[in-house]
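Please open the structure in a viewer and keep the selection tool at hand. The tour proceeds one selection at a time.

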Amino acid sequence: MSIKNKSYGHFDDANYEYVITSPFTPTPWINYLGNDGFHGLISNTAGGYCFYRDPKFRRLTRYRYNNVPVDTGGRYYYLKTDDDMWSASGRPVETELDSFECRHGMGYSRFLSRKGGISSELTCFVPLGETAEVHKLTVTNEGTSSKELSLFSYLEWCLWNAEDDGANFQRNLSTGEVEVEGSTLFHKTEYRERRNHYSFFHVNQSITGYDTDRESFLGPYRGVHKPLAVTNGQSTNSVAHGWSPIASHHINMKLAPGETRELMFVLGYVEVAPAEKWESKGIINKQPAQALIAKFDTTEKVNSALDELHTYWHTLLNKCHVSTPDDRFNRALNIWNQYQNMVTFNLSRSASFYESGIGRGMGFRDSNQDTIGFAHMVPEKVRERILDLSATQKADGSAYHQYQPLTKKGNSAIGGNFNDDPMWMVFSTCNYIKETGDFSILDEQVPFDNDDTTKAPHFEHLKRAFDHVINNLGPHKLPLIGRADWNDCLNLNCFSTDPNESFQTTQRGKSDIAESLMIAGQFVAYGQEFIALCKQLNKDELAADCQLHVDAMIQAVNEHGWDGDWFLRAYNALGDKVGSHENEEGKIFIESQGFCVMAGIGLDDGKAAKALRSVEKHLATEHGVMLQQPAYSEYDKYLGEISSYPPGYKENAGIFCHNNPWIVIAEAMLGNGDKSYDYFTRITPSFLQDIQDLRKSEPYVYSQMVAGRDAATPGQAKNSWLTGTAAWCYYAASHYILGIQPDYDGLSLSPCLPKSWPEVKIHREYRGAQYDITLSNPKGLSTGIYKLTVDGEVQIGNTINFERFNASHKVELTLEKA
Ligand code: BGC
């Protein structure tokens, strides 16, 4: 096998798992645990960390980003016999195992190891609704003689505020505090003062010893790959006073041949009412911890929590289940894409192995977009998220670019003026209502900028978003870009020559010239959504007024935004064109092609088709569609961060996957089913199993970026997991390739299939109804004229009217002619 197609794992669809067969994947391949506020990131060797709600302010365990060796810090279990020591998860101990497997599943990760006749199975998960990671560890003597061994658990506490923890050493080397009681090791740093919470690490059996002080456990100048306590086979019973508190249990065991020992570890977080914080002076109230521990102190309880987790995920994923002739597509849509949608929805861009959890919080545009891949899964959460976002909107319709999940307040350090932000909320809200039929969200009273004296119905927030665009038009009557539009790195009003400045928050001059064609397309697309919503609400006058603005924008795009073969990208602060054949570099960009076509601009006069052929000619590669071409070879202060990246990386002509589904949708809108599908397959991980080593990042989830043609390493993927690619790819595949489009009156069906697919079956839950849908394509077409029947009854149009069909129904859609 050549190095280029070395494989590190494979899908196990029956179990909804990805099976990783090596601890030494090209990058750590991770999974996420937890959905409801308590989250863990866990790599294929159990590296990573966990936190409660906010990865910056409530970090439980330490992780060292971009350290050497990579992936340092995690939940580690050391096994030690007289002759050997190893890790139950393949690392950090360097001992090679006789066999190793990591199975990342839906909300859990399982590690199977075997060494010298001893096997272990470690399953880590966050039980539904709980604030704890549970680690179930079984150790089996597979040999013919009895064996003595020592087991050591290990994790390192983070002193809660992850930013401070990695920076403020003059304070935090003195604050660490712990308590030990029986088999529970408590972490109570800062509990003596302003914190009403603590964490703990427990095992459900008596222990031989423990350590809570890092240096005592590791030994001076030693790493987690070779702790002195493990080498010695003996804990030191250390109690941490400042420095770096850890939690490590030591358990000696003797296993008869064939004997299995099962241990349940709980890594938990509890909050305590201020009046009940102390059991006695200096001794914490342990009752809340004991209550949590009691839920998982037997194998049976843990197994049943695991069963509940499986059922939860299977039920959730079954809300939309597709069966097409292509297993790779099915696998993406039925399992991994939906799973990634949930994770991305939960965490926005805050905590991955590339987002350190101390920076960005929840992005306004990102979080709105994330809802489109998730609204069918847990709509209540989407409702709450949209209203949280709405509360960070300012009275003039603009938005804070980010907010912190714990406070839900707009992040003033970053501020706003990213002029695409506002309209994403129109998109997310309309999508939510079409999915749920819940118009009541529009009546919710929501403050502006979290100021409760300024409440207005959410509908008013949408209107102000719309108005914000029309109140901020430039010289060509196109939308002013502000600090940036969707492309955070196209900073047309920054003009920075100072390396100490942030590209995105530095804004110079009046900013009343640079205009964005991406926002123009977005405004037309979501402005039309807003108009349709107004009509639903019988606000016909408002709809008519908005239509005038949308029409004016279409006209402005036609007059000033068309470059001859494609849509321009922008006008810069000097009024010069960006993304034009007149430019030396950056002649054509993907965003304005995607958005203008998705808005329907140029569908009638051939511009849309022409723009897409230009995309194919200039931007498409085997690994996906590049963001722009030719790449910028020099830094240009009139363009900003985009030109700061080496050619082929990130926004400078990388394949920025988030925008590829826009082209998938655009091609489908033009009826090009094969082309649309082809683009989809170029970036979707389940189609790329043969190039795992080239891509490097997890082969089961999308990455933010794949290096483009100009890069030294084309095809290499970076920044996996938290990316708008997930929601958008799911949306493109489900809404446009399969054509399942929720609408106000019901579920509408407008597929644009690959011609080679004769039939597709879909199970879709919709507002509580169950539809078993068959799409038939007997003539080998992509799209055209359909015949729709529901329970055998022929329908006019292609919408399953919800009022009439709201129970269990059999739906057939036949593609009759082109
Ligand atoms: C940001 C997005 C942005 C994209 C393109 C991502 O890192 O989270 O908000 O749209 O980059 O610049």
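The stops below pass through two annotated domains, a ligand site and three backbone details.

**The first annotated domain.** Bear in mind throughout that the model is predicted. Begin by selecting residues 17-297, which an unreviewed UniProt entry lists as "domain: Glycosyl hydrolase 94 supersandwich". Colour this range by secondary structure: strand accounts for 43% of the chain here and helix for 10%. The C-alpha atoms at the two ends of the range are 26 Å apart.

**Two loops within this range.** Select Ala46, in the loop that runs between strand E4 (38-43) and strand E5 (50-52). Ala46 is not a glycine, yet its phi is positive, at about 70°. Most residues other than glycine have a negative phi, and most peptide bonds are trans. Move next to Pro92, located in the loop between strand E8 (85-87) and strand E9 (99-104). The peptide bond that joins Arg91 and Pro92 is cis, with omega at about 5°.

**The second annotated domain.** Now select residues 312-739, which the unreviewed UniProt entry annotates as "domain: Glycosyl hydrolase 94 catalytic". Here the chain is 41% helix and 10% strand. The end C-alpha atoms of this range are 27 Å apart.

**The ligand and its surroundings.** Select the ligand and centre the view on it. The space that the ligand takes is the second largest pocket. Which residues surround the ligand? Display Arg349, Arg360, Arg365, Asp366, Trp486, Asn487, Asp488, Glu651, Phe656 and Gln704, which together surround it. Sorted by class, this shell holds six charged, two polar and two nonpolar residues.

**Contacts to inspect.** Keep the ligand in view and turn to Asp366: one of its polar side-chain atoms lies 2.8 Å from an oxygen atom of the ligand. At Trp486, look at the backbone instead, where a polar atom is 2.5 Å from a ligand oxygen atom. The backbone of Asp488 also deserves inspection, as one of its N or O atoms lies 3.0 Å from an oxygen atom of the ligand. Is the ligand mostly buried or exposed? Taken alone, the ligand exposes 310 Å², and the protein buries 95% of that area.

**The last stop.** Finally, select Pro630, in the loop between strand E33 (628-629) and strand E34 (655-656). The peptide bond leading from Gln629 to Pro630 is cis, with omega near -20°.

How values were computed. Residues are numbered from 1 along each chain as its sequence is written. This is a predicted model: local features need pLDDT of at least 70, side-chain atom pairs count only at pLDDT 80 or more; totals for chains, interfaces and linings use all residues. Side-chain values use heavy atoms; hydrogens and water are left out. UniProt positions are given in the numbering used here, feature names are shortened, and annotations may be inferred rather than shown by experiment. Helices (H or I, at least four residues) and strands (E, at least two) are DSSP runs, numbered from the N terminus. A residue is near a molecule or strand if one of its heavy atoms lies within 4 Å of it. A polar contact is a pair of N or O atoms within 3.5 Å; within protein, one must be able to donate a hydrogen and the other to accept it, and residues adjacent in sequence count only if both atoms are side-chain atoms. Accessible areas come from the Shrake-Rupley method with a 1.4 Å probe; for residues, only the protein chains shown count as cover. On a 1 Å grid over the protein atoms alone, a cavity is a set of points where a 1.4 Å probe fits but cannot get out, and a pocket is an open set with protein on both sides within 12 Å along at least five of seven lines; lining residues have an atom within 4 Å of a point. A molecule sits in a cavity or pocket if more than half of its atoms lie within 2 Å of its grid points. Ala, Val, Leu, Ile, Met, Phe, Trp, Tyr, Cys and Pro count as nonpolar, Asp, Glu, Lys and Arg as charged, and the others, Gly among them, as polar.
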